[in-house]
Amino acid sequence: MGKNRQSLSDQIAQELTRRIRDAVYVIGSRIPSEKELEAEFEVSRTVVREAVAVLRSDGILEARPGIGTFVASTGRGKALQFFAPAPERLSEALEIIELRIGVEVEAAGRAAERRTTEQLDAIERCLNAMALDPIANESPQLDFEFHRAIAQATNNSYFGRFLDFLGPHLIPRIMLQEKHGVHFDHEYIGGIHKEHKSIFDGIRDRNLVESRDAMRFHLMNSLYRYNYYYKR
């Protein structure tokens, strides 16, 4: 039970951190009460308190007696300070993809080995959302959420924390779209979707080798695709 409770508290701490970094809860604002978080996540007060305690120890939350718990910082910059939350140069983003290969290939294998039915469903929902309308829905945010769902399915909270730190802006497509006006056609987006589908299939089938190979193929192709634009 202790291990399960710790796992739940880690998941809640990770979700609260995501909301803070996505500005759902901004610095200086009060987060929901323990009772509200209990109801939302359907866990005990002990689990909620453990999650909040972790974020307080990290300096992300602070308790104000008689008032509530408030956001003190986003938590960025405390660790991995050599990363920028949104690199200005495509060359920096390409370096981060190389780093992601080392992490996410293993994450795909761990997800195939450990994922629950609910976690597989979460990965599939991301995949299906992107497939509804490839141009409109294969957005950097949805792309990030797909990879994040895989990280969560490892049931090792540090994979998810790593991707949360990197954030959706580190998918180079957003830089190419917003800063360079690059248009991605159906063929380009369709190729990415096929790669995502292969990763999902490996995780669904609990095939560690196929999952890792599919993730490696996807990220190596990302390097190839973005290198094309970098050298133009």
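Thr69 lies in strand 2, and this residue offers a convenient place to enter the structure, which is a predicted model. At 19% relative accessibility, Thr69 counts as buried, because the cut-off for that label is a relative accessible area under 20%. Leaving aside its neighbours within four places in sequence, Thr69 is in contact with Ser29, Arg30, Ile31, Val52, Leu61, Glu62 and Ala63. One of these residues, Ala63, has Thr69 as its bridge partner in strand 2.

That bridge belongs to a pairing of two strands. Strand 1, which covers residues 61-64, and strand 2, which covers residues 68-71, run antiparallel to each other and are joined over 4 bridges. Together the two strands form a hairpin with 3 residues between them, and in the turn Gly66 has a positive phi of about 80°.

Seen from further back, the chain contains 11 helices and 2 strands. Read along the sequence, its elements follow the pattern α-α-α-β-β-α-α-α-α-α-α-α-α, in which the two strands come after three helices and are followed by eight more. The chain has 232 residues, of which 45% count as buried. Its exposed surface comes to about 12200 Å², and carbon and sulfur atoms supply 52% of that area. Among the contacts between residues at least 6 apart in sequence, 71% join residues at least 24 apart.

Ile101 gives an example of parts that are separated along the sequence. This residue lies in helix 4 and is buried, with a relative accessible area of 15%. Ile101 and Phe217 are 116 residues apart in sequence, while their C-alpha atoms are 9.5 Å apart in space. When its neighbours within four places in sequence are left aside, Ile101 is in contact with Leu219, Met220 and Leu223.

Helix 4, which spans residues 90-114, also holds a pair of charged residues, Arg100 and Glu104, and because they are 4 residues apart in that helix, about one helical turn separates them. Arg100 forms a salt bridge with Glu104, in which the closest N and O atoms are 2.5 Å apart. Both partners are buried, Arg100 with a relative accessible area of 8% and Glu104 with a relative accessible area of 3%.

A further salt bridge joins Arg45 to Glu34, with the closest N and O atoms 3.7 Å apart. This pair links distant parts of the chain, since Arg45 is in helix 3 (residues 45-57) and Glu34 is in helix 2 (residues 34-41), with 11 residues from one to the other. Here the two partners are partly exposed, Arg45 with a relative accessible area of 35% and Glu34 with a relative accessible area of 29%.

Asp22 is also partly exposed, with a relative accessible area of 41%, and forms a salt bridge with Arg18 in which the closest N and O atoms are 2.9 Å apart. Asp22 and Arg18 belong to a network of salt bridges that also links Glu15, Arg19, Glu40, Glu145 and Arg148. Across the structure, the count comes to 20 salt bridges, among them the pairs of Arg100 with Glu104, Arg45 with Glu34 and Asp22 with Arg18.

Methods: Residues numbered from 1 in each chain as written. Predicted model: local features only at pLDDT ≥ 70, side-chain atom pairs only at ≥ 80, totals over all residues. Heavy atoms only, no water. Pairing = 2+ DSSP bridges. Buried < 20%, exposed > 50% of the residue type's maximum accessible area, 1.4 Å probe, protein only. Contact = heavy atoms within 4.5 Å. Areas by Shrake-Rupley, 256 points an atom, 1.4 Å probe, with all protein chains shown as cover. Salt bridge = Lys/Arg side-chain N within 4 Å of Asp/Glu carboxyl O.
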